[in-house]
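Biologist: Got a minute to go through this one with me? I have some quick questions.

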Amino acid sequence: MAGELILIVEDNALNAKLLRDVLLVTGYRVAESTTAEMGLEIARREHPDLILMDIQLPGMDGRSALLELRKERATADIPVVAVTASVLPLERKDILAAGFDGYQAKPISVKELLAEVRRLLDRRPEVVA
Ligand code: MN
């Protein structure tokens, strides 16, 4: 099932556009922020089904934002995928150890991104309406 709301937190306009276009054409709904601070506000208010989080952001970075999300009951269970230019294996390990649910390296592979998003959405416990 598509139609889930994905929050993109990304300060680079081109990357944000790529992520948005790919998600929208696949049938997801999208919310966007260029900062972690505003991303946290949106997450609290709209409770997205998944968050794509850039690591390097102006102000608060993606790792700190993840910690904030995990601290709060309203946002603690939202799957968060790190989207980062850090491609060294050690950095990847660091990011997963930090508690992110997934990891996508830039430049983004559309196929891998969509597969990971779908995998994490399908992993959630069923909510009976
Ligand atoms: Mn960035």
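Modeller: Sure. Start with the exposed end of the metal site: Gln 56 has 65% relative accessibility, so it counts as exposed. Keep in mind that this is a predicted model.

Biologist: Which residues coordinate the manganese ion?

Modeller: Asp 11 and Asp 54 do, each through OD, and Gln 56 does through its O. The distances run from 2.0 to 2.1 Å.

Biologist: What spacing do the donors follow along the chain?

Modeller: D-x42-D-x1-Q.

Biologist: And Asp 54, buried or exposed?

Modeller: Buried. Its relative accessible area is 3%, and the cut-off for buried is under 20%.

Biologist: Switching topic. How many cavities of 30 Å³ or more does the structure hold?

Modeller: Just 1. Its volume is about 30 Å³.

Biologist: What lines the largest cavity?

Modeller: Leu 7, Val 9, Ala 36, Gly 39, Leu 40, Ala 43, Ile 51, Met 53, Ala 65 and Leu 69. By type, that lining has 9 nonpolar residues, 1 polar and no charged.

Biologist: Which elements supply at least two residues of that lining?

Modeller: Strand S1 (5-9), helix H2 (36-46), strand S3 (50-54) and helix H3 (62-71). H2 gives the most, with 4 residues.

Biologist: Tell me about Gly 39. Where is it placed?

Modeller: In helix H2. Gly 39 has 5% relative accessibility, so it counts as buried.

Biologist: What is Gly 39 in contact with, leaving aside neighbours within four places in sequence?

Modeller: Leu 7, Val 9 and Ser 33. Separately, its C-alpha is 8.0 Å from that of Ile 8, and those two are 31 residues apart in sequence.

Biologist: Now the largest nonpolar core. Which residues touch the most other members?

Modeller: Leu 7, Ile 51, Met 53, Leu 69, Val 80 and Phe 100, out of 21 residues in that core. S1, H2, S3, H3 and strand S4 (80-84) each supply at least two residues of this core. H2 gives the most here, with 4 residues.

Biologist: Why would such residues gather at all?

Modeller: In soluble globular proteins, nonpolar side chains tend to be buried together.

Biologist: Take Ile 51. What does it touch, not counting residues up to four places away in sequence?

Modeller: Leu 7, Val 9, Ala 43, Leu 69, Ile 78, Pro 79, Val 80 and Val 81. Apart from the largest core lies another, of 15 residues. Leu 23, Leu 52, Val 83 and Val 117 are among them.

Notes:
Residues numbered from 1 in each chain as written. Predicted model: local features only at pLDDT ≥ 70, side-chain atom pairs only at ≥ 80, totals over all residues. Heavy atoms only, no water. Donors = N, O, S within 2.8 Å, 3.2 Å for Na, K, Ca; no water. Buried < 20%, exposed > 50% of the residue type's maximum accessible area, 1.4 Å probe, protein only. 1 Å grid on protein atoms, 1.4 Å probe; cavity = no way out; pocket = protein on both sides within 12 Å on 5 of 7 lines; lining within 4 Å. Points joined across faces, edges and corners; volume = space filled by probe spheres on them. Nonpolar A, V, L, I, M, F, W, Y, C, P; charged D, E, K, R; others polar. Core = buried A, V, L, I, M, F, W, Y, C linked by side-chain atoms within 4.5 Å. Contact = heavy atoms within 4.5 Å.
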